[in-house]
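This briefing is for a reader who is new to the structure shown below. It starts with one term, then moves from the whole protein to single strands, helices and residues.

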Amino acid sequence: FTPKTARRLKGKNYENDIYLMIPLADNQKNWRLDELGILQQAAQDQQNDYSRIPDNFSRRLLCSLQAYLEYECSNAVVDELRMAYLGEFSFVHSTDDYPKKGQEPEVIGTSPCQMILTAHHATHMYILTLVLPKDTIRQFSTTQVLDQISHESLWITCPEDGATYLQGVSKKYTTMPTYVSLYDYLKYKYGLLKCGAGKAFLLLSDRPSDETEFHCMMAGETYDSIHQDFHIASDNISQICNENHAQYDYYEVYMSEMVVACIMKNFSDDMDERIDLTATYAFIVILAMFQNTSIEKVNMQISNALANDGDISHEEILSLYRNFGKTVRFWEKNNYKYWGTQQEAACIVEAFGNKELKETYYEHQEFLEHIAELKSAKSEERNGFILNIAATILAVIQVQDFIVSLLEKFYGNVGINVDYATSTFSTLIICGTFSFVVVLMIINRMRIKMRRGDMHIKELRDEDE
């Protein structure tokens, strides 16, 4: 950072814990989590109150999250979720001069980062939480961390097992780098792929004294840019920064599409107290993100199907719907036992734009069904065409004896061997059938072209109207 930015960071009026939350999914061809036994270990850890985990902050956070899930949520939701501790990593704080492909970031420094994976294994959806406590990030810019997640430029110092999971799997890493993209590491070690935009949950001691900084914070943009001297000035962001969604009296909370900022009225230096308060809100954010991720995932699958020339069957559409149906539990309001929690969840869902994502899903759904219907109609038309040919051939064959007897009389009258009558009939059947098929194919193609032309004219008329 510039000396001016360094002075500002030293004199800032707030402290905060940062929780970066990244939606992920895996592919059935690469279920590495099962191979690594991550979720099986998570189930054992849950039974043992996460006593195996060496980091105090993460252990307390996992215990508190699990406790609030069980206390605040229905048993069905709790039973389907698993929380796994992936370990401590070194998070890279970079400038906003982001690297091009094949380059490493411009590093300001690193800080210890704990990673916790919340898994819904039935749908193969996951939320990865990167935990950055206040004591580890005091000298770094909060808005720059948020800018990194907005830009999807999240890096970690290359772990010791990097050689196994990067060089051993990917041609991209011929030598071991100093820093590695977090998304690459998740992909090659755990088989996890990005599935939507990341979000951030902030626990703040105070509202930033500089209102412009708070605007940048809620927009997920850096206030400490090294190459631009302007900041966001949006009426929408101003409204977001002045709309407190708190349902209880011990905090204020502000929400945008990517940031939930919780400002505590009593921000404790005691880690245990902060964790307990964090867990009361963080578990709601995680469940709201599962809603978000479920729609993002099915929308991505539908987009891929449409990009593949719309080549999708009714069975494949049903499979998409079944997978989406498994996530419906996350949409039920009665997942939460208390009215205040239900209201908090509703506010987060609205801020994250889940309603707009659902509308996109329904549009995709309607379009997919239309494509499947067209394919089915085309298949039926083709089958009918084949049946017509077969019926015509059978009808001609049924009068074979009559036609052959006529040919024998004709050949006898003109002095031709009557034995040729049967072979003549066979030749007429073959040539006639071939000619008939060719004529029908030409007529069928002409009909298709005329239909397409009519559809095109109708579209033009609709646009004119």
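Two strands count as paired if DSSP finds at least two bridges between them. With that in mind, Tyr19 stands opposite Val131 in β4. The model is predicted. The protein has 17 helices and ten strands, and 46% of its 465 residues are buried.

**The protein as a whole**

- The accessible surface comes to about 24,400 Å², and carbon and sulfur atoms hold 52% of that surface.
- Among contacts with a separation of 6 or more, 73% are between residues 24 or more positions apart.
- The count of disulfides is zero.
- Two cysteines can be placed by their cover: Cys63 is partly exposed because its relative accessibility is 27%, between the cut-offs of 20% and 50%.
- Cys195, with 3% relative accessibility, is therefore buried, the limit being under 20%.

**Strand β1 and its partners**

- Strand β1 covers residues 16–26, and eleven of its eleven residues are buried, so the strand is largely enclosed by the rest of the structure.
- On one side of β1 the buried residues are Asn16, Ile18, Leu20, Ile22, Leu24 and Asp26.
- On the other side of β1 they are Asp17, Tyr19, Met21, Pro23 and Ala25.
- β1 runs antiparallel to β4 (residues 125–132), and eight bridges join the two strands.
- Besides the Tyr19 pair, Pro23 of β1 has Ile127 as its bridge partner in β4.
- β1 is also antiparallel to β8 (residues 199–204), with six bridges between them; in β8, Leu204 is the bridge partner of Asn16.
- Three bridges join β1 to β7 (residues 192–194), again in an antiparallel arrangement, and Ala25 is paired with Leu193 of β7.

**Strand β4 and the β3–β4 hairpin**

- β4 is mostly covered, with eight of its eight residues buried.
- One face of β4 carries Met125, Ile127, Thr129 and Val131, and the other carries Tyr126, Leu128, Leu130 and Leu132; both faces are covered.
- β3 and β4 are antiparallel and share seven bridges, one of which has Leu117 with Leu128 of β4 as its bridge partner.
- These two strands form a hairpin with four residues between them.
- In the turn of that hairpin, His124 has a positive phi of about 55°.

**Helices α4 and α10**

- Helix α4 (residues 56–72) has 17 residues.
- From first C-alpha to last, α4 reaches 24 Å, close to the 24 Å expected at 1.5 Å a residue.
- The buried residues of α4 include Phe57, Leu61, Leu62, Leu65, Tyr68 and Leu69, and polar residues such as Ser58, Ser64, Gln66 and Glu72 are on that list as well.
- Helix α10 spans residues 211–219, where Glu213, Phe214, His215, Cys216, Met217 and Met218 are buried.
- At the start of α10, a side-chain oxygen of Asp210 comes to within 2.9 Å of the backbone nitrogen of Thr212.
- Gly220 follows α10 and has a positive phi, near 70°.

**Asp96**

- Asp96 sits in the loop between β2 (81–94) and β3 (107–120).
- Its relative accessibility is 8%, so Asp96 counts as buried.
- The side chain of Asp96 makes a polar contact of 2.7 Å with the side chain of Ser225.
- Leaving aside residues up to four places away in sequence, Asp96 touches Gln144, Asp147, Thr222, Ser225, Ile226 and His227.

**Ser141**

- Ser141 lies in the loop between α6 (134–137) and α7 (142–150).
- Ser141 counts as buried because its relative accessibility is 3%.
- A polar contact of 2.5 Å joins the side chain of Ser141 to that of Asp224.
- The side chain of Ser141 also makes a polar contact with the side chain of Thr143, at 3.1 Å.
- Ser94 is 47 residues from Ser141 in sequence, and the two C-alpha atoms are 9.8 Å apart in space.

Conventions: Residues are numbered from 1 along each chain as its sequence is written. This is a predicted model: local features need pLDDT of at least 70, side-chain atom pairs count only at pLDDT 80 or more; totals for chains, interfaces and linings use all residues. Side-chain values use heavy atoms; hydrogens and water are left out. Buried means under 20% relative accessible area, exposed over 50%, partly exposed in between (1.4 Å probe, protein chains only). A polar contact is a pair of N or O atoms within 3.5 Å; within protein, one must be able to donate a hydrogen and the other to accept it, and residues adjacent in sequence count only if both atoms are side-chain atoms. Contact means heavy atoms within 4.5 Å. Accessible areas come from the Shrake-Rupley method with a 1.4 Å probe; for residues, only the protein chains shown count as cover. A disulfide is a pair of cysteine sulfur atoms within 2.5 Å. The expected span of a helix is 1.5 Å times one less than its number of residues.
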